[in-house]
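Biologist: I want to know how each label in this structure is earned. Please set every value against its cut-off.

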Amino acid sequence: MATDLIPAFADDAFRRVLCVVAHPDDVEYGTSSAVASWTARGVEVAYLLLTRGEAGIDGMAPEQAARLRTEEQIAGSRAVGVSEVEFFDYPDGMLEYGLGLRRDIARVIRRRQPDAVVVGSWEVEFGGMLNQADHRVAGLAAVDALRDAGNRWVFPELLDEGLQPHSVRWLIVGADPRPTHGVDVSGEPLERGIASLEAHEQYLAALPGHPAPRMMITGFTAWQGKAMGVPNAVLFRAWDFQAPPPLAAEIMAAMAQDD
């Protein structure tokens with residue numbers, strides 16, 4: 001029996017996307033190839049980084065590492081057509097879940113008014129490894145901030161700043177083991193995604209044994225491409241908040257069959 005292929009997002013599913021991650025380079029491990037595909041067809045994509053990655057290079061002082069990694073992130077973002085890159089200054093390696101972080105992310109969501117928010121996994125186990133602490137905090141805080149952004153009675157001080165509630169339609173989670181949607185990144189989007197990771201040259205050079213970006217991203221996207229029936233893909237788990245909840249949809253489908 002043939003396996004059902006994972007579908008692509010509809011071309012008109014979203015026009016404005018906000019990616020929320022913990023560190024410089026977090027978007028570049030696959031997601032940026034999808035971003036390149038989106039920006040190539042006119043989707044507006046912005047990045048929000050919660051830290052500047054200052055604790056990421058053992059042999060470099062945090063202040064210097066923060067400057068370097070900020071510059072490399074901006075260069076990597078440009079490679080995939082993203083010019084709007086915003087940085088918070090939460091401490092790298094010590095990101096803590098809390099109301100302040102949720103409020104700060106909700107503020108950006110209200111200001112940018114994205115149709116979709118892209119985050120990384122907040123699970124403890126991730127890709128057969130233990131997920132890094134900042135990644136877990138960033139993912140969970142962004143998910144909760146997405147809801148906060150649409151509720152005027154949560155963080156009412158944002159109203160005083162002139163920021164009205166904004167309800168995001170899509171939550172999109174990268175590298176989830178239960179993908180629901182994919183993006184075909186074959187060809188130019190893949191090349192631009194590879195270039196975006198290559199832009200983190202000095203950071204990657206400080207990581208002993210790190211695979212070459214081309215080999216890593218090509219292999220990763222080729223493996224995921226099999227699930228879509230394309231040469232290269234990036235897979236996501238996505239929630240469409242304008243669609244019926246999955247359980248409700250199943251019940252409605254079962255009732256329709258009984259009629």
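Modeller: Two definitions come before the rest. Contact means heavy atoms within 4.5 Å. Helices are DSSP runs of H or I with at least four residues, strands are runs of E with at least two, and both are numbered from the N terminus. The model is predicted, so local features need pLDDT of at least 70 and side-chain atom pairs pLDDT 80 or more, while totals for chains, interfaces and linings use all residues. Residues are numbered from 1 along each chain as its sequence is written, and side-chain values use heavy atoms, with hydrogens and water left out.

Biologist: What covers the buried residues of α6?

Modeller: The cover includes α1 (31-40), α2 (62-79), α7 (201-205) and α8. The buried residues of α6 (188-198) are P189, L190, R192, G193, I194, S196 and L197.

Biologist: Why is S196 called buried?

Modeller: Buried means under 20% relative accessible area, exposed means over 50%, and partly exposed is in between (1.4 Å probe, protein chains only). S196 has 0% relative accessibility, so it counts as buried. This residue sits in helix α6.

Biologist: What is S196 in contact with, beyond its neighbours within four places in sequence?

Modeller: Its partners there are E28, S32, G76, A79 and V80.

Biologist: What makes the link from S196 to G193 a polar contact?

Modeller: The S196 side chain reaches the backbone oxygen of G193 at 2.6 Å. A polar contact is a pair of N or O atoms within 3.5 Å; within protein, one must be able to donate a hydrogen and the other to accept it, and residues adjacent in sequence count only if both atoms are side-chain atoms. At 2.6 Å, the pair is within that limit.

Biologist: Why is E125 called exposed?

Modeller: E125 has 58% relative accessibility, so it counts as exposed. E125 belongs to strand β5.

Biologist: What is unusual about the phi of D25, and is D25 buried or exposed?

Modeller: Phi of D25 is near 90°, a positive value in a residue other than glycine. Most residues other than glycine have a negative phi. D25 is in the loop between β1 and α1. Its relative accessibility is 4%, so D25 counts as buried.

Biologist: Why is A175 called partly exposed?

Modeller: A175 has a relative accessible area of 32%, so it falls between the two cut-offs. A175 lies in the loop between β7 and β8 (181-184). Its phi is also positive, about 55°.

Biologist: What makes a set of residues a nonpolar core?

Modeller: Such a core is a set of buried Ala, Val, Leu, Ile, Met, Phe, Trp, Tyr and Cys residues joined through side-chain atoms within 4.5 Å. The largest has 29 residues, and those with the most contacts inside it are V20, L48, L50, I105 and I109. Its largest share, eight residues, comes from α4. A second, separate core of 27 residues includes F14, V17, W38 and V82.

Biologist: Which residues does I109 touch, not counting those up to four places away in sequence?

Modeller: I109 touches L18, P114, V117, A145, L146, A149, H166 and V168.

Biologist: Which element gives the most to the lining of the largest pocket?

Modeller: That is α8, with five residues. The lining divides into 26 nonpolar, 14 polar and seven charged residues. Here Ala, Val, Leu, Ile, Met, Phe, Trp, Tyr, Cys and Pro count as nonpolar, Asp, Glu, Lys and Arg as charged, and the others, Gly among them, as polar.
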